[in-house]
Amino acid sequence: MPRPPKRRIICVANQKGGVGKTTTAVNVAVALALHGNRVLVIDLDPQGNASTGLNVPHHSGVPDVYQALIEGVPLDNVTQAVEEIPNLWAVPATIDLAGAEIELVSVVARESRLKRAIDGSAATYDYIFIDCPPSLGLLTVNALVATEEVMIPIQCEYYALEGVKALTENIEMIRSHLNPILNVSTVLLTMYDRRTRLADLVEQDVRAHFGAKCLNAVIPRNVRVSEAPSYSKSVMTYDPGSRGAVSYFEAAQEIALRGAQRAQTGGMA
């Protein structure tokens with residue numbers, strides 16, 4: 001997979017829960033790392049599911065993203081290498097992060113704490129993925145201020161676009177006031193069940209709404225994708241030949257190729 005000419009920071013967001021945010025962030029990051037890119041995953045969800053999926057320790061007392069956000073600890077000091085996957089690093093989330101939303105309220109420049117931490121990192125990455133919590137609170141705002149691109153996973157279910165409307169409005173507000181380069185670059189359809197007419201209708205709606213921002217790759221409902229986190233693995237390493245792993249590989253490849261094309265044309269796809 002081609003490496004981008006400059007670092008890409010991608011926030012994986014959708015305030016609806018259970019749409020495949022964490023699964024997408026973990027598996028796309030692993031696919032890119034396995035194919036030659038240097039990748040960092042920042043777990044910004046207090047549940048710590050991305051940390052679990054990457055098999056990164058995130059019990060209480062482990063240096064984590066909370067310390068970078070609230071205490072100003074350098075990001076490099078709370079970054080861990082992911083075992084068995086070269087070129088992949090993670091900043092874990094521990095239970096301490098649960099109180100960060102409240103504590104951030106009284107912190108100076110509260111919306112840009114994560115951006116400051118990323119800008120202060122001395123490490124070189126091709127991609128930084130930020131896995132957001134399922135809300136539009138201060139943690140998600142920090143992610144949107146720190147990033148250039150937003151990737152929205154959308155579950156192929158009824159009301160799929162309902163939750164996305166609030167997110168896109170929030171993105172517009174942040175672009176107006178805090179981060180003028182913020183852009184929804186990628187939309188990925190997840191949990192697609194080809195046997196149902198509903199999935200087909202949702203796909204048509206989403207593609208009509210987002211156009212070229214939608215990846216051609218679609219993530220199917222797949223047992224292996226659901227099983228992998230219980231073994232603290234990504235589906236890419238748990239069962240590389242499964243439909244889920246192949247689909248995430250295709251999605252990662254498309255993200256990489258689109259980034260390379262954008263660089264050549266000098267604009268956003």
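In this predicted model, D193 is buried, with a relative accessible area of 16%. Its side chain nevertheless meets that of R195 in a salt bridge, with an N to O distance of 3.0 Å. The partner, R195, is exposed, at 75% relative accessible area, so this pair joins a residue under the 20% limit for burial to one over the 50% limit for exposure.

A second pair lies within helix α8, where R207 forms a salt bridge with E203 and the closest N and O atoms are 3.0 Å apart. These two residues are 4 positions apart in α8, which means that about one helical turn separates them. In general, an α-helix has 3.6 residues a turn, so residues three or four places apart point the same way. E203 is buried, at 16% relative accessible area, whereas R207 is partly exposed, at 25%.

Elsewhere, the side chains of E157 and R221 meet in a salt bridge of 2.7 Å, N to O. E157 belongs to the loop between β6 (149–155) and α7, while R221 sits in the loop between β8 (214–220) and α9 (223–227), so the pair ties together parts that are 64 residues apart in sequence. Both ends are partly exposed: E157 has a relative accessible area of 27%, and R221 has one of 41%. Salt bridges also link R224, E227 and D239 in a network. The count for the model comes to 13 salt bridges.

Helix α8 turns up again in helix packing. Helix α7 (residues 160–177) and helix α8 (residues 197–210) pack at an angle of about 25°, and their axes are 10 Å apart. The two helices are therefore roughly parallel to each other. On the α7 side, the contact is made by A160, L161, V164 and T168; on the α8 side, V202, D205, V206, H209 and F210 take part. By residue class, this contact divides into 6 nonpolar, 2 polar and 1 charged.

Turning to helix α1, residues 21–34 make up its 14 residues. From first C-alpha to last, α1 reaches 20 Å, close to the 20 Å expected at 1.5 Å a residue. The helix is mostly covered, with 12 of its 14 residues buried. Among them are the alanines A25, A29, A31 and A33, along with V26, V28, V30 and L32. K21, T22, T24 and N27 are buried as well. After α1 comes G36, whose phi is positive, near 95°.

Key
Residues are numbered from 1 along each chain as its sequence is written. This is a predicted model: local features need pLDDT of at least 70, side-chain atom pairs count only at pLDDT 80 or more; totals for chains, interfaces and linings use all residues. Side-chain values use heavy atoms; hydrogens and water are left out. The expected span of a helix is 1.5 Å times one less than its number of residues. Buried means under 20% relative accessible area, exposed over 50%, partly exposed in between (1.4 Å probe, protein chains only). Axes are lines fitted to C-alpha atoms, for helices over the stretch in contact, and angles run from 0 to 180 degrees between N-to-C directions. Angles under 35 degrees count as roughly parallel, over 145 as roughly antiparallel, 65 to 115 as roughly perpendicular and the rest as oblique. Contact means heavy atoms within 4.5 Å. Ala, Val, Leu, Ile, Met, Phe, Trp, Tyr, Cys and Pro count as nonpolar, Asp, Glu, Lys and Arg as charged, and the others, Gly among them, as polar. A salt bridge is a side-chain nitrogen of Lys or Arg within 4 Å of a carboxyl oxygen of Asp or Glu.
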